[in-house]
Amino acid sequence: MQIIPFEAALGAEITELDAAMALAPAAKAALRDALDAHLVLLLRNQSLDDPTLQRFSEIFGELDPPGPNPYGAPFLPAFPMINVISNIVEGGRPVGNLGAGEAVWHADMTYIAAPPKAAILYAIEVPEGQGDTYFANQFRAFEALDADLREATAGLTLVHDAAHNSAGMLRRGHVEPADPTETVGARHPIVRRDSRTGNRALFLGRRPHAYIDGLPLAESERMLDRLWAAATRPEHVWRHSWRAGDLLIWSNLAVLHRRDAFDASARRLMHRTQIKGDQPIIE
Ligand code: SIN
């Protein structure tokens, strides 16, 4: 297996590896190290069924169940740990989440106490040249913060919205909050320390409905606008144009991602797993 870092602020391609094969412990450790070092890994030309996607995912830790299904039942009843990301509708019923619209910048499921530490997304069908996905390195974003903003974030916690998904859809059982001070969800430090390296990363979750605990709303909004502009600066970002057979793994706690909208009449189908994480450390 070869690890070829991208020239961007994050990401590497792994070549000469068939993710469907049972891998030796040294190869598994090399993949985990590569994810820690590069934060996003791309494997092209893979051919995975659901059991092999699950087995490959377990290299990175214990599988974490997907968030609550907006339609009330798992998309793949035989594989409830696998989420489906798709715009396809069959028999009047969506086969997956997120539709064909833009998915705004976010990290996954940060509205729970212990958000997943990694996500694995496997492209089965994609409309070529559309629906690109972007990843932003939040270690770099923290390092490059203006000094005043870096100081201002010390000790602050952010309320992460549990009510909406990254397509802006209201989740089952939630009501629209009147304003962000009423947002319901987990509270996490704005700056997260990596328990292995001690390095700090911005940990913002998603912008809509976010609220910095205890600040007047206008102040919270101003600080969040500055933080989000810093977090998603083009120099921190790598852009991925999908091909069928692509397998992407990313560090959910150190990376934000977003997806372009695509033609709703095209078919896009992806299967996705995620890996259990730890509760962020509050200093
Ligand atoms: C996601 O936000 O996890 C979906 C990314 C994508 O559809 O490319």
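User: In what order do the 4 strands of the open sheet come?

Analyst: This is a predicted model, where local features need pLDDT of at least 70, side-chain atom pairs count only at pLDDT 80 or more, and totals for chains, interfaces and linings use all residues. Residues are numbered from 1 along each chain as its sequence is written, and side-chain values use heavy atoms, with hydrogens and water left out. Strands are DSSP runs of E, at least two residues, numbered from the N terminus, and two of them pair if DSSP finds at least two bridges between them. Here the order is β9-β19-β11-β17, with antiparallel pairing. β9 (103-106) and β17 (237-240) are the edges: each has a single partner strand, so one side of each lacks a neighbour in the sheet.

User: How many bridges join β11 to β19?

Analyst: There are 5, between residues 133-137 and 255-259, running antiparallel. Asn-137 sits opposite Val-255 in β19.

User: Which polar side chains contact the ligand's oxygen atoms?

Analyst: A polar contact is a pair of N or O atoms within 3.5 Å. Thr-133 has a polar side-chain atom 2.6 Å from a ligand oxygen, Arg-268 has a side-chain N or O atom at 2.8 Å from one, and for His-257 the distance is 3.2 Å.

User: How much of the ligand does the protein cover?

Analyst: Accessible area comes from the Shrake-Rupley method with a 1.4 Å probe. The ligand has 260 Å² of it on its own, and the protein covers 99% of that.

Technical notes: Polar contact = N/O pair within 3.5 Å; in protein donor to acceptor, adjacent residues only side chain to side chain.
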